[in-house]
Every structure is written in C-alpha cells, then in structure tokens.
Amino acid sequence: MLLEQLNAPFEMNQDQKQQVLFAELLALTDHHQAHCFYYQNLVENIFVQKHFKQNEDLPFLPAQIFKYLPLKSIREEEVFRVLNSSGTTGQQPSQIFLDKAAATHQAKVLSSIVTNFIGKKRLPMLIVDHPSAVKSAGMTARAAAILGFSSFGAQHTYLLSDEDLSLQVAALQAFLEKFPQQPILMFGFTFMIWAYLYEYCQKNNIFLDLSQVILVHGGGWKKLANLNIGKETFKQCLAAQFNLTKVHDYYGMVEQIGTIFMECEFGKMHIPFFADVLIRDPIHFQALGVNQTGLIQVLSILPKSYPGHSILTEDLGKITEIDECLCGRKGKVIEIHGRLPKAEARGCSDTHQR
Amino acid sequence: MKILLGKKSSDWQKDVVQLRQASLSVSSNIMPLAIEFLNALSQEIFKNPEYKKYPDLISLAFWLRKANLLALVKQHLVTSAPNTYLRPRGLVLHFTPSNVDTMFLYSWAIGLLTGNQNILRLSNRRGRVAEILLELCDYLLKNASEYASILNYNMFVEYEHNEHVTAYLSQHCDVRVIWGGDTSVQAIRHVPIPAHAVEAVFANRFSLCMIKADALVEVSQQDNRLSAIIEGFVNDAFWFDQQGCSSPRAIIWFGDEATVLQAQNYFWPAVRQLVEERFPDLLTTLSYPVQRFTFLAKVAAENKGRLLGKIDDFPLRIEAQSLDAGLRSEHPGLGCFYEMRIDSLTSVASLLQRKDQTLTSFGFSQSELNDIAMQACGIDRIVPFGKALAFSPLWDGYNLFHTMSRLVVVES
Amino acid sequence: MQSHNEQRLKEVFSRVFSVPVETINDDVKYRETKNFTWDSIMHMSLIAEIENEFGIMLETDDVIDMSSFLKAKEIVAKYVND
C-alpha cells in the first residue's frame, strides 16, 4: 500500500486516509508491544483501555521519552543508524534507532514529499551552513536533515565558512553565474537563513538576485520568535532583499524522521498521506477540532524500528483546513505555533546555578 | 561582586578581611542585640498589611518573634555536660538557595544568635520576598542606631558563579554552610576551606508522607477535622510546586486494601479541591501536564509504577511497588505522587533510605513513629501534617546552633 | 481576666482583623469567623500582636490552644497580672 502511494503523497482525502492509517497504526501498536519491552510496559501501565476504535484512542508517547530511554523494536545487531537530536544545550539528546529497512524507507518517503513540491529533477543545490556541520561525530538531527535534503540536489555548495560562519559571497556569485536562469535549490535552517544570509547581506550591502532559487527551510521559529520575527516578516524580507519568493517552510522532528510537513505555494503546511496530526488540549489531552489550538500529536506509519508512530510533541499548533487547499493537496493543513512555554522551576533548587 | 548589605569600600577583598577582624570582644552582648534586631524585623513585617499575602514571610516573622528566639536559644545554646560552653566559631559563610526566598534569613538568624560573623551569598535569581527582606534589613540597620554595629560583622553579597570569589571567601571562613542542590554542593565543596573550618551541606533530598487509612476514614466523618488535615497536606506538598526538599512526593498508605481505597476516595478529591483554590497555577500552567505525563511515561516504561486514575488527573497518581534511587531522583514535583500500600511498620522502616529527609505522618502514635525512626537507616524528621516546610534549626540531621558553635570544655 | 484587659484584647483582635471592636466576642473562633478570615497566617499576626500589646511571650502550647477569643482571654490571663 505504502509504496504504491509514494508518487502521490497528497491525493487521498482525509476520510479515506483515516481508515487506512488507523489499521496500520493499530498494527504498529501491536508490533511495538511485541518487540519493545519499554513500549509494552508503557502501554500496559498507562493506557489501560485496550479497545482502540480510532486514531485518537491509540496510545501516544511524550516526545521527551526518547531522551531518557533507548526505545527500539529491533535487536541490537540490527541497528543500522542511531539519530541524535541536538536538543537544548545541557539536555540529553533523543536517540532514534533505525535498521536498514527503516533508513531506506525514510529516505524514499522524504523524497516523495519533497519532490512533490520542488519537482523530480535534481537541481543545483546551495546549503546555507558550513561544510563541517555534517562531519561531526555521531549523527545529529542537523546533519541528518542536510544530508537527507542533499539527495534532491546536485553540485552541492556550502555557503558558510567553517571558521566563523561568514557568507562566502564570491562562491555564491560564482554558483549563480554558473547556473543562470534555471531553478536552484537552497536548503538551510530558518534561523541560519535569517542571520547568516539575510542579515549578513543586508548589513554589508550585498545585493543578490535569488529569484531563481527555491528555498526549503526548517528547524523551528523559536530563535526568530525571540527576535519578534514572524513568518510573514521573514518572507517579506527575503522577497525585498533577494527577490526570493519561492519559500517552503517545513516541520519535522528527529523522532519521526522522513515524515515532514511542508508548505505549499499558498503558504499552507500539508500532511502527507502516511502521517496524520491530532491536536490535543494541553491540560486534559482530549482531541480538539479544526481551528482549536493545542499540543500537536504526530502519527505516522513509518516508524517500525522504534515505537515512534504516535508521539505527543511539546509544540503548539492547530489544524486550519481539511482537503480544501487551493493547491489541490488533500488532507489536513496545519499551522505551527512553536514550543509550549516552559515555566520556571522552583523549590530548593541550586544555589549556584547560572 | 556586589555588596548588598554591609560595610563597603572600593575593595571588597579588604572589606572581607576587615569583617573577619571585627572585634567581637563584647560578644556577650551580641546575642541580646541579635534578638532585639530580629524581633524588630519581625515587627516590621507584621506591621505592613501588604505582606499578609506572603505566607512564607509571615511564617518567618512569626519565627523571628522574641518569644520564639529566646525559647530556641534556651533550648539549643546550652549543653548538658558539666563545665562545657558553646561559643561562636568565627566567620560563617552561607551559600543560600535561590528559590526559597526566606531561607537566607533563617540561616543568618542562627549565625547571628550564635554570635558569629557572617557573610551570605544571595542568589541573583531571588524573588520578591527576598527583596522585601533585604530592604527591611537595610532600613533597620541604617536607621536604628542601636543595630548599626551589626553591619561591622555581617555582609550580604551577590555574584555570578565565580570560583575565584568563592575561593577567596572560603579561605577566610570558619564554617561554611551550603544550602541546597547536589550540583551546588559539589561545585562549592571542591573549593577548599581552612583546615580547621567545618562545613554543613544540604544536598537534594526526598520526602514522603504516611497515612493510617482507618484514622483518615474516621476523621472523614467530621468535616472540619478532615479539612484541617487536607490543608496541612496541601501546604506541605504544593508550596514551591512540590519541588521543595521537604514536600512529600510519595504516600505510604497503611492499612488493608479496602480501607486504603476508602481513605483515598476521601483524600484525593478534597486535596484537588483545595489545590484549585490555593495553588491554581499547578492546574492551569500549560506546560505542566505534559511534563507530568513524560515523567509517568518513563516510570511506566521501566515498569516501576502504573497509573492510578487517568493521565490528566490532578494530582497524577502512580502506584509503585518500591522506591528505588531512580524514582527518588527523577520525580519532577508539579503534583505527582507515588503511592504504595503497606501493612506493617517494619516495612515502612525498611523503605526509608539515607536520601530521605522528612516523613509527614497522620494517624500514628509517638511510639509507633519512634519505632520507625529507630529501625530506619534514613529519615531526618518525622512531623505531623502541615509541618513539612516549617523551618527548624534541627535540619537534615544537623543542629545548626551547634554546627555554628565551638564546644568549649573548662575544668579547673 | 479584668474587663480592662478584655477590652485591650478585643482591640488587638480588631486591629489584626481590621474589623470593628464590637464584632469581637466569645463566639469568635479560629476558622469559623464570618466577616473576616482567621486562618493560620492571620493567627501568626494575632499572636505577635498579643505578645506586643501585653509584653508577654506565649508558650508554644498556648499558641496552638488559642482557638477562640474566649480561649485567648483565658490564656492571656495566665501571663498578665493586674
């Protein structure tokens, strides 16, 4: 079922999709209970009700659990790759275990989503990062994203220097001259695009025409939100400075690598057919309806090597429409509002904390 | 490095040396002066109706009453052995906690009452109540001439984590007191103090609560008695979002299954109702439920406990079979409880570990509690409901009056 | 207790709870007051004010036992001789 649909990740309407997904997700819940000891305990000790009728009845895990426990449904010797989230500094990173099949699957699925937005042809590619970002020991989420997206491009050129992350203007200009009047793929983290490309050019009066560029960016808005820069400002600034208008934000997490939600040409973020999103009330966790803001729960039929098929994130968002986007893509459209605000810790805490 | 209170010149290191050399030769008068000063502080607090909204401040003021201080001194600054006397050790260096705003003043008060010189490092993350206290101390010491001399031998400082400053202060102290947090204790402890100096440290601790089920069922028939008990428990558990070391995080129910169930059914709804009234933030803060759920998920995944009730219940209740070190250290506060049922006092005693500090209890006799204390290898205080957070100079196994004093033997 | 001291004690209650002195009578009980709050926080203020007014120092047991105005009169009488 999965592979047949890979060429058309946004064709199935929500009703149809929900039924197909539920059967698969239910099977995965059984699969992980049978193969992951921690998951089995967790379901038995928390989700006492065994009768699951729809997606919202299925057990879900808190996203942070992957930081604390090595959850996997494969044997040690089958582990092919371990992904680590960067996480907040000082915190333990999440650990995601993939076997060979999962790794291949994830790559294929990612490809089916991304090519749906940027086309199948591999484009010359600019990466707004420094080359050694992908060379550090262990697989970070950042490296995984860069490498994952790199397969959609060719002639990869990193735009930032290893020394001080300064923009390599000459290299960028040479690249643009080499590929005139044809689409170019540009990839980077939202904050890095802002700080190291946009702000750098703006401050140093560097004028570039990037109208041929298709920008794919992700990684969250937290840092920009702190600077009071929203999605609209971001887009307007890029358009004004570079004439760069083809911009696709995406939302994804290391816990569900492969499944990303990507912004279409109408600025709507779409959920592919093999995944779904539920919005839950942050206090009581009951599922909410369209246009109600709450915690984002991501469901995906991909995670088979680790029990990540149903995860309650700490991100807030809402579903804004279903099957209605003008771009023709079916399924839910989601708006991401960023991380749940954390309350300050109290109590006999440390005298000497910074 | 900033001197918040005390004599200051342009050179803080000189100020420290000067403080250390301050003549305390008239030290026999120091204690009465300290009592007068602390009592004056107490009155200033009670005088201002604005302060009634800070129960921790009012509790401190109550503790600082002359009547209480005299009683404490009478009880603790005496020795039972003949011809022995308690005298000040010298300079006490206090590292005070960041988020329990009144703690620095309790620590200082004992330093003053024992006749020592004191330097207090205050956290720069201190809250409103600590600021009020600082303002009041500053006002009294500068405007009432009878207390001015206190400034000669006491100093409050504030500085960002800095090992050089800590080392300088430490090399001049005779007693070092480190309040709160394993990380702080370890960070400061490796900075040396003089060979003769002593140290009192307050590490992370775990606290529990023990309820005799049939006694609770009995009082549940009487409305006002149950509500007094619930109030005590709610104050014990939910101040500081249940993150205070003395706040109970586990509940040991004592009795047979049916009675315990009955007691729980009286207990939890009443607790929830009062928390809604007193500590609504615990129920409405958006990030807390998912934090509680994450904690539950971890405990459940390791099969150390199972959910009682529903995942969005407040408090979040987890039935545990035993309490290992992991369960003790991972508990996030925020309204989560481990619960277990036990039907013999010996099993209570064997459950308690060295990390355990306070056991609040309801329904047990003094002799039953004595037995537990004698059999257990941990637990520093067993107190009734409502008393978990009450400050006492007997804390974490120390008598702070004695920690800050030399025991002098005089035989002719 | 002399009625003079009873009047002083009434005035202490009236000051602490910010209510007219006429509202203070033997029926005023801890946690059972109607038009004002006598809870554990106010109790601490009350004790401090009584000690100040009469220049006395109450023992812990008496602090706990003082559960009504009536009781307060009895306790204060133990400390105050006039």
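The following conversation discusses chains A, B and C of a predicted model.

Colleague: What kind of structure is this, predicted or experimental?

Modeller: It is a predicted model.

Colleague: How many helices and strands does chain A have?

Modeller: Chain A has 10 helices and 15 strands. Its radius of gyration is 21 Å, and the globule rule gives 20 Å for 354 residues, so chain A is as compact as a globular protein of that length.

Colleague: What box do its C-alpha atoms fill?

Modeller: Along the principal axes, the C-alpha atoms of chain A fill a box of roughly 60 × 55 × 45 Å.

Colleague: And what percentage of chain A is buried?

Modeller: Of its 354 residues, 54% count as buried. The accessible surface of chain A is about 15,600 Å², and carbon and sulfur atoms account for 50% of that surface.

Colleague: What share of the contacts in chain A joins residues 24 or more positions apart?

Modeller: Such pairs make up 69% of the contacts in chain A that have a separation of 6 or more.

Colleague: Let us turn to chain B. How many helices and strands are there?

Modeller: Chain B contains 17 helices and 17 strands. The radius of gyration of chain B is 23 Å, close to the 22 Å from the globule rule for 412 residues, so chain B is as compact as a globular protein of that length. Its C-alpha trace spans about 65 × 55 × 45 Å along the principal axes.

Colleague: What percentage of chain B is buried, and what does its surface come to?

Modeller: In chain B, 60% of the 412 residues count as buried. The chain exposes about 16,600 Å², with 50% supplied by carbon and sulfur atoms.

Colleague: What about contacts between distant positions in chain B?

Modeller: Among contacts in chain B with a separation of 6 or more, 72% are between residues 24 or more positions apart.

Colleague: A new topic: charges. How many does chain A carry?

Modeller: Chain A has 32 positive and 34 negative side chains, and the centres of these two sets lie 3 Å apart.

Colleague: And how far apart are the mean positions in chain B?

Modeller: They are 5 Å apart in chain B, for 39 positive and 42 negative charges.

Colleague: Finally, what is the mean pLDDT of chain C?

Modeller: The mean pLDDT of chain C is 90, and 96% of its residues reach 70 or more.

Colleague: Where in chain C is confidence lowest, and where is it highest?

Modeller: Confidence is lowest in helix H3 (residues 60-65) of chain C, with a mean of 88. It is highest in helix H4 (residues 69-79) of chain C, at 94.

Technical notes: Residues are numbered from 1 along each chain as its sequence is written. Chains are lettered from A and ligands numbered from 1 in the order in which they are written. This is a predicted model: local features need pLDDT of at least 70, side-chain atom pairs count only at pLDDT 80 or more; totals for chains, interfaces and linings use all residues. Side-chain values use heavy atoms; hydrogens and water are left out. Helices (H or I, at least four residues) and strands (E, at least two) are DSSP runs, numbered from the N terminus. The radius of gyration is taken over C-alpha atoms; the globule rule is 2.2 Å times the number of residues to the power 0.38. Buried means under 20% relative accessible area, exposed over 50%, partly exposed in between (1.4 Å probe, protein chains only). Contact means heavy atoms within 4.5 Å. Accessible areas come from the Shrake-Rupley method with a 1.4 Å probe; for residues, only the protein chains shown count as cover. Lys and Arg count as positive and Asp and Glu as negative; His and the chain ends are not counted. The place of a charge is taken as NZ of Lys, CZ of Arg, CG of Asp or CD of Glu. pLDDT is the predictor's confidence in each residue, from 0 to 100.
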